Amino acid sequence: MYQSRTSRLLVLLSSLELLSSIDAQLNNDRPTLDLDFINDALLQQHEELCHFEWLTLENRIDTLRSLLFEAPLVYSNKYYVISKFPHNDSVEAMVYCQAFGGYLAEVDDNDEFNKLQQFFLNSSLVDLVLIAGSDELKEETWKFQRTGVALPFKSWAPKEPNNKEGKEHCLCLDRGKGGEMNDITCSFVRIARFMCELPDST
Ligand SMILES: [Ca+2]
Ligand SMILES: [Ca+2]
């Protein structure tokens, strides 16, 4: 394989050599390649690539964020963003949030809950949105995954949490239940998205 590729290259090179010597002999008016032009074009392209790499790191992060998340809510110097796609499981959702310097949205008090609930209900695309909170380690003991701290605020929908089929150990806001809290499975749910809380919106 290597042999044949090398010999083909040699044939090609010698053909090119032959062509250029014929070209030199004929010295005719055939158009030739404008090497200066090609060189300038390549240089310009290179400069543009360098420019992109040096100047747009923040822009690229912003672009990526807008590709992955709906427009944010800004509240108390934080961004809250809802994903445009479902998560495979809650761990994956947490990794996405971490990648942007944040974590799954943690509801600390009634004010924050009201803001997030309205934000969620106003976002037309989403039926369920995963937020921080799990009772995976101990049933009915709800803690933030990131810190292990007990949830300081809950606003369960009627008849929730119901731990349906013994499989619901993650926390969401549920549009069908007025945006109140519901326990859901931590694994893939087609109609679910996730909400990240990203500190330092300034
Ligand atoms: Ca449960
Ligand atoms: Ca439930």
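# Exercises on a predicted protein model

Of the protein's 202 residues, 25% count as buried; a residue is buried if 20 or more other C-beta atoms lie within 10 Å of its own, exposed if 12 or fewer, and partly exposed in between, with C-beta atoms placed from the backbone. This is a predicted model, in which local features need pLDDT of at least 70, side-chain atom pairs count only at pLDDT 80 or more, and totals for chains, interfaces and linings use all residues. Residues are numbered from 1 along each chain as its sequence is written, while chains are lettered from A and ligands numbered from 1 in the order in which they are written.

## Exercise 1: The overall pattern

Task: State how many helices and strands the protein has, and in which order they come.

Solution.
- Start with the rule. Helices (H or I, at least four residues) and strands (E, at least two) are DSSP runs, numbered from the N terminus.
- Count them. The protein has five helices and seven strands.
- Read along the sequence. The pattern is α-α-α-β-β-α-β-α-β-β-β-β.
- Now take the contacts. Two residues are in contact if their C-beta atoms, placed from the backbone, lie within 7 Å. Of the contacts with a separation of 6 or more, 65% join residues 24 or more positions apart.

## Exercise 2: Two helices

Task: Find the buried residues of H3 and of H5, and check the span of each helix.

Solution.
- Take the expected span first. It is 1.5 Å times one less than the number of residues in the helix.
- Apply this to H3, residues 57–68. H3 has twelve residues and reaches 17 Å from its first C-alpha to its last, close to the expected 16 Å.
- Look for cover on H3. The number of buried residues is zero, so H3 lies largely in the open.
- Turn to H5. Its 13 residues should span 18 Å, and its end C-alpha atoms are 18 Å apart, which agrees.
- List the buried residues of H5. They are Leu116, Phe119 and Phe120.
- Look down the axis of H5. The buried residues fall within an arc of 95°, so they line one face of the helix. The arc is that of the directions from the helix axis to the C-beta atoms.
- Recall the helix rule. An α-helix has 3.6 residues a turn, so residues three or four places apart point the same way.
- Check the other side of H5. Asn110, Asp111, Gln118 and Asn122 are exposed there.
- Name the cover. S1, S2, S4 and S5 are among what covers the buried residues of H5.

## Exercise 3: Strand S2 and its partners

Task: Which strands pair with S2, and in what sense?

Solution.
- Use the pairing rule. Two strands pair if DSSP finds at least two bridges between them.
- Begin with S1, residues 73–75. S1 and S2 pair in the antiparallel sense over three bridges. Tyrosine 75 has lysine 78 in S2 as its bridge partner.
- Inspect the turn. S1 and S2 form a hairpin with two residues between them, and serine 76 in the turn has a positive phi of about 55°.
- Go on to S7. S2 and S7 pair in the antiparallel sense over five bridges. Isoleucine 82 stands opposite methionine 195 in S7.
- Judge the cover. Four of the five residues of S2 are buried.

## Exercise 4: The nonpolar core

Task: Which strand gives the most residues to the largest nonpolar core?

Solution.
- Define the set. A nonpolar core is a set of buried Ala, Val, Leu, Ile, Met, Phe, Trp, Tyr and Cys residues joined through C-beta atoms within 7 Å.
- Find its centre of contacts. Of the 34 residues in the largest core, those touching the most other members are Leu104, Ala105, Val129, Leu130, Ile131, Cys172 and Met195.
- See what supplies the core. Elements giving at least two residues each include S2, H4, H5, S4 and S7.
- Pick the strand. S4 gives the most, with five residues.
- Follow one member. Beyond neighbours within four places in sequence, valine 129 contacts residues including Ile82, Phe120, Cys172 and Met195.

## Exercise 5: The loop between S4 and S5

Task: Is histidine 169 buried or exposed, and which bond to proline 161 is cis?

Solution.
- Place histidine 169. It is found in the loop between S4 and S5.
- Count its neighbours. Histidine 169 has 21 C-beta neighbours inside 10 Å, so it counts as buried.
- Compare glutamate 140, found in the loop between S4 and S5. Glutamate 140 is exposed, with 8 other C-beta atoms within 10 Å.
- Check the backbone. Glutamate 140 has a positive phi of about 70° although it is not a glycine.
- Finish with proline 161. The peptide bond from glutamate 160 to proline 161 is cis, with omega near 0°.
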